[in-house]
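Visitor: Please take a close look at one part of this protein, the nonpolar core, and describe how that part is put together.

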Amino acid sequence: MAGDFAALCANEPELAALRASVRSFLDADRAEFGWTPGVDAWLSCWDERFSARLGAAGFLGMTIPREYGGQGRGHLHRYVVTEELLAAGAPVAAHWIADRQVAPGLLAYGSEEQRRRLLPEIAAGRYFSAIGMSEPQAGSDLAASAAKAVRADGGWVLSGTKVWTSGAHLAHQIVVLARTSPMDPQRRHAGFSQFIVPTGRSIPGSLRSCPPEITPGSLRSCPPGPGITISPIVLMSGEHHFNEVTFDEVFVEDANVLGEIGAGWHQVTAELSFERSGPERILTTAPLLTALLRALAAQDELDDHAAAAVGDLLARLISLRQLSVSVARALAGGQSPVNQAALVKDLGTRFEQESVELAADLFAYVAADNPGRDRLAALLDAGRLHSPLFTLRGGTNEVLRGVVARGMGLR
């Protein structure tokens, strides 16, 4: 039984040493560069210079082989690094999608040229990607996607619209899922392919580049390439993370086809296991909860209601973390735990939403003169703003329950 429980943790000596190294780096980096921990940092906190420093310290590209510029380590090593970055609320949005989804996709399905061109830049924290999956009329039902790519001399001509495309206005490329053969009502998942579509930012090995005024580390978006229109979707707060991206007969070279033509659905399904199962599905609100617990610890005493609420919060978080670690171990073992990943995303993001409401409830127990109250209030405001997004991105929870049901043999 003890061995079974140990497998649900990530505390082996090598992992513990890595965890300590990451914490040391984050403490020193924050002290020197002054970034502020943020809620939902993997979406909202874009800092290209931080990503470059993280890469230089050897904490990016953990699962990328050394021959491609990575660290040559395993999924559990990457899990530990990711967990510490999220717990600290570090500004990780710039490199997040490239490191989390694009790198595994390139390793599994990319050509040798694509790997050598892109993976070293991902590991260095200098390469940023967006993912073009959802569409205005399809949402989480990716099988209903209508974007299409038509064969042309030397490549493909891509047309269609993608929505909720995080970071597209700042990315070097967008990995787009598109139909390359007509929809078959009997086989809705067939006929999809993936394409690496360069944007207007300079790309390693490319002659295209942004105008000189677009400098590294700048948050100004780069003019998109020919046929690509990137329209911002702005939150009520004025924050700009999401975009609607329209492709109007964009030519994509054969060299930028990712994997096999027609195998896009299989590739995306495997990719989504990385997206849905990571600690970002349970630790998005970690800086808020940490600040709350520290503020409450400074109080003279808590009533039974508050103490029970804190205990329930921590018990759920610990259980979800163990489920997430179990998926990381499955990935490390070469498995494709689609159902388990969907469960992590469903249960984890619901916990995140509920944790914001619980934090709002417990905020009433924090004294007006508590030194952490103002910072806690700011984190709570951010949590409330981002909370509706938690159960939507990466597939709505309603759709994911269907995935789990089918995986269990149910209709």
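Guide: What follows describes the core, then its surroundings. This is a predicted model, in which local features need pLDDT of at least 70, side-chain atom pairs count only at pLDDT 80 or more, and totals for chains, interfaces and linings use all residues. Residues are numbered from 1 along each chain as its sequence is written, and side-chain values use heavy atoms, with hydrogens and water left out.

The largest nonpolar core holds 52 residues. Such a core is a set of buried Ala, Val, Leu, Ile, Met, Phe, Trp, Tyr and Cys residues joined through side-chain atoms within 4.5 Å; buried means under 20% relative accessible area, with a 1.4 Å probe and protein chains only. Leu 26, Phe 50, Leu 85, Leu 288, Leu 362 and Leu 376 have the most contacts inside this core. Elements giving two or more residues to it include helix H2 (13-33), helix H9 (286-297) and helix H12 (373-386); helices here are DSSP runs of H or I with at least four residues, numbered from the N terminus. H10 provides the largest share, eight residues.

Apart from neighbours within four places in sequence, Leu 288 is in contact (heavy atoms within 4.5 Å) with Val 39, Val 356, Ala 359, Leu 376, Leu 379 and Leu 380. A second, separate core has 21 residues, among them Ala 98, Ile 122, Leu 177 and Leu 258. In soluble globular proteins, nonpolar side chains tend to be buried together. Of the 411 residues in the protein, 54% are buried.

Conventions
Buried means under 20% relative accessible area, exposed over 50%, partly exposed in between (1.4 Å probe, protein chains only).
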